[in-house]
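Please report on the packing, strand pairing and charged contacts of this protein. Keep the account brisk.

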Amino acid sequence: MLLINRICFIPASTFLAGVILAAVLIRFFLTPAFAGDNFNTPWRVHGFIAQGLIDVDHSNYVNDDGDISAKLTEIGINASYQLSRDLRLAGQLVYLNGGNRYHEGARLDYLLLDWSAYSTENWLVNFYFGNFKNNHWLYSNTRDVPQARPSIILPQSIYFDGFRDIAEGGEGLDIKVSYSDDVLGDIDFGLSAGTSDISKDQTQIILSGFATGRLKHDYDLQASLYWRPLYSPWRFGLALLDSDFSYDSGEYDAFLDADIILQRYFLNALYQGEFWELSAELLQDRFVFDDFYFPGFHQDNLGQGLFLQGRYKVNNKLTLLGRLEKFYINKDDKNGRKLEQGSQGAIPAYFGYQNSLTLGGSYDLLANVRIEVEHHWFEGTARLTPVVLPDARANSREYWSLWAMQLMYWF
């Protein structure tokens with residue numbers, strides 16, 4: 001496997017996922033009786049193709065020239081195999097092209113062994129080994145599937161595109177415990193520990209193009225608790241994250257070795273009625289940065305973000321969406337003045353916050369074909385990449401906007 005990695009320059013887990021999914025596809029096309037929804041077979045195969053157009057004014061969110069872009073591509077295939085009554089193998093490979101939002105190319109979203117360790121009328125306990133999905137935040141377990149998301153672009157206050165691959169999941173162990181009865185309702189508890197691989201391209205997207213070294217994810221511990229009262233359309237949750245990163249500087253690097261701590265605290269609520277879906281999520285994160293710029297450099301910020309979102313189902317095909325969100329890098333510097341003063345004017349104050357309004361809608365052309373459109377109006381640029389050394393020259397406007405449309409097909 002090491003030799004294969006050196007030849008192909010891909011991680012072992014990605015190669016293994018490719019082999020598994022290739023085998024599934026061969027079985028799919030060579031076995032006429034195979035059907036993804038046939039419960040007599042242990043195999044399940046699903047996938048999606050989504051392509052769109054996006055136009056951004058006055059920022060480099062997608063590209064640097066400001067032209068309409070087709071860099072809104074998502075292609076994915078996922079498969080699972082039921083090894084036994086209690087064991088299931090599952091994986092997903094995707095190809096993404098989102099411009100400056102994240103690096104272009106194929107990646108492994110997850111490859112895991114799901115063990116249903118304990119099951120009764122009230123209890124269900126599952127262990128996930130391998131490269132697991134992040135199931136802790138409100139939309140973290142659906143952000144990788146276009147038709148399952150509430151919008152083309154998720155709220156950047158919480159689901160920052162620059163951290164998409166890091167936040168998608170991790171390699172390690174995930175535990176989920178579910179309890180349900182006629183008094184307490186439904187309770188779900190999750191606990192995971194693992195790390196994510198960060199590519200060189202992703203390192204530069206997060207830090208800066210001047211970074212020649214490598215950002216490493218050293219430690220990640222997450223926990224979540226969700227509660228749905230009996231017969232209630234509401235679901236309430238909280239989640240915690242504690243994560244450590246390190247930067248190993250490269251040759252002729254503009255930056256030094258650094259240690260980074262990221263701690264996040266989430267509160268969320270979801271209402272799902274016959275016609276309305278309402279959701280809200282509140283975030284506070286602690287971002288600690290040591291060294292990097294010069295020996296002894298220290299930064300310790302508490303940031304805050306939130307969004308309020310509503311979706312209305314007009315009929316079986318048409319759904320409308322509206323969303324408000326806010327984000328501040330430092331809750332004690334919500335107008336960004338300290339940020340601008342600390343950088344001696346190199347970083348404008350509007351990099352300290354990002355507020356937005358989103359309006360959109362989706363229409364189902366067929367049972368598995370959907371077109372989605374949305375428009376975003378932004379104030380501030382705090383969620384544009386790179387985040388550590390912002391590009392003030394490419395993002396010279398406090399107010400900017402984008403529209404996007406995407407056609408998606410799934411099977």
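Which residue in strand 12 stands opposite leucine 283? It is glycine 305. The model is a predicted one.

## Strands 10 to 12

Strand 11 (276-291) has a partner on either hand in this account. Strand 10 (258-272) pairs with strand 11 in the antiparallel sense, over 15 bridges. Within that pairing, arginine 264 has aspartate 285 of strand 11 as its bridge partner. Three residues separate the two strands, and together strand 10 and strand 11 form a hairpin.

Strand 12 covers residues 298-313. Strand 11 and strand 12 run antiparallel and are joined by 15 bridges. They too form a hairpin, here with six residues between the strands. Phenylalanine 292 lies in that turn and has a positive phi of about 70 degrees.

## Nonpolar cores

The largest nonpolar core has 31 residues. Tyr159, Tyr247 and Phe292 touch the most other members. Helix 3 (164-167), strand 9 (234-248), strand 10 and strand 11 each give two or more residues to this core. Strand 10 gives the most, with five residues.

Phenylalanine 292 is thus both a turn residue and one of the core members with the most contacts inside the core. Leaving aside residues up to four places away in sequence, Phe292 touches Leu207, Tyr247, Phe255, Leu256, Asp257, Ala258 and Val388.

A second core is separate and holds 12 residues. Among them are Tyr61, Val62, Ile153 and Leu384.

## Aromatic pairs and charges over rings

How many aromatic pairs does a search of the whole structure find? The search finds 27. Two of these deserve a closer look.

The first pair joins tyrosine 61 and tryptophan 400. Their ring centres are 6.0 Å apart and their planes meet at 45 degrees, so the pair is tilted. Tyrosine 61 sits in the loop between strand 1 (43-57) and strand 2 (73-82), while tryptophan 400 belongs to strand 16 (residues 399-410). The pair therefore ties together parts that are 339 residues apart in sequence. Both tyrosine 61 and tryptophan 400 are buried.

The other pair, phenylalanine 289 with tyrosine 293, is also tilted. Here the distance is 6.4 Å centre to centre, with 55 degrees between the planes. Burial is uneven across the two residues. Phenylalanine 289 is buried, at a relative accessible area of 2%. Tyrosine 293 has 32% and is partly exposed.

Both residues belong to an aromatic cluster that also includes Tyr247, Phe255, Phe287, Phe292, Phe294 and Phe297. Two members of that cluster, Tyr247 and Phe292, are in contact with each other.

Some rings carry a charge over the face. Lysine 334 lies over the face of tyrosine 328, at 5.2 Å from the ring centre. Arginine 383 lies over the face of phenylalanine 327, at 3.8 Å from the ring centre.

## Salt bridges

Side chains of opposite charge can pair when their charged atoms come close. A search of the whole structure finds 16 salt bridges. Three of them are listed here.

| Acidic residue | Basic residue | Closest N and O atoms |
|---|---|---|
| Aspartate 248 | Lysine 216 | 3.0 Å |
| Glutamate 277 | Arginine 311 | 3.4 Å |
| Glutamate 325 | Arginine 323 | 3.8 Å |

Aspartate 248 is in strand 9 and lysine 216 in strand 8 (residues 214-228), so this salt bridge links distant parts of the chain, 32 residues apart. Aspartate 248 is partly exposed, with a relative accessible area of 31%. Lysine 216 is likewise partly exposed, at 40%.

Glutamate 277 and arginine 311 also link distant parts of the chain, 34 residues apart. Glutamate 277 is in strand 11 and arginine 311 in strand 12. These are the strands of the hairpin with six residues between them. Buried or exposed: which word fits glutamate 277? At 16% relative accessibility, glutamate 277 counts as buried, because the cut-off for that class is under 20%.

Arginine 323 and glutamate 325 are both buried.

Salt bridges also join up into a network. Arg107, Asp109, Arg164 and Asp165 are linked in this way.

Notes. Residues are numbered from 1 along each chain as its sequence is written. This is a predicted model: local features need pLDDT of at least 70, side-chain atom pairs count only at pLDDT 80 or more; totals for chains, interfaces and linings use all residues. Side-chain values use heavy atoms; hydrogens and water are left out. A nonpolar core is a set of buried Ala, Val, Leu, Ile, Met, Phe, Trp, Tyr and Cys residues joined through side-chain atoms within 4.5 Å. Buried means under 20% relative accessible area, exposed over 50%, partly exposed in between (1.4 Å probe, protein chains only). Helices (H or I, at least four residues) and strands (E, at least two) are DSSP runs, numbered from the N terminus. Contact means heavy atoms within 4.5 Å. Rings of Phe, Tyr and Trp (its six-membered ring) pair if their centres lie within 6.5 Å; planes under 30 degrees apart count as stacked, over 60 as edge-to-face and the rest as tilted. A charge sits over a ring if NZ of Lys or CZ of Arg is within 6 Å of the ring centre and within 35 degrees of the ring normal. Two strands pair if DSSP finds at least two bridges between them. A salt bridge is a side-chain nitrogen of Lys or Arg within 4 Å of a carboxyl oxygen of Asp or Glu.
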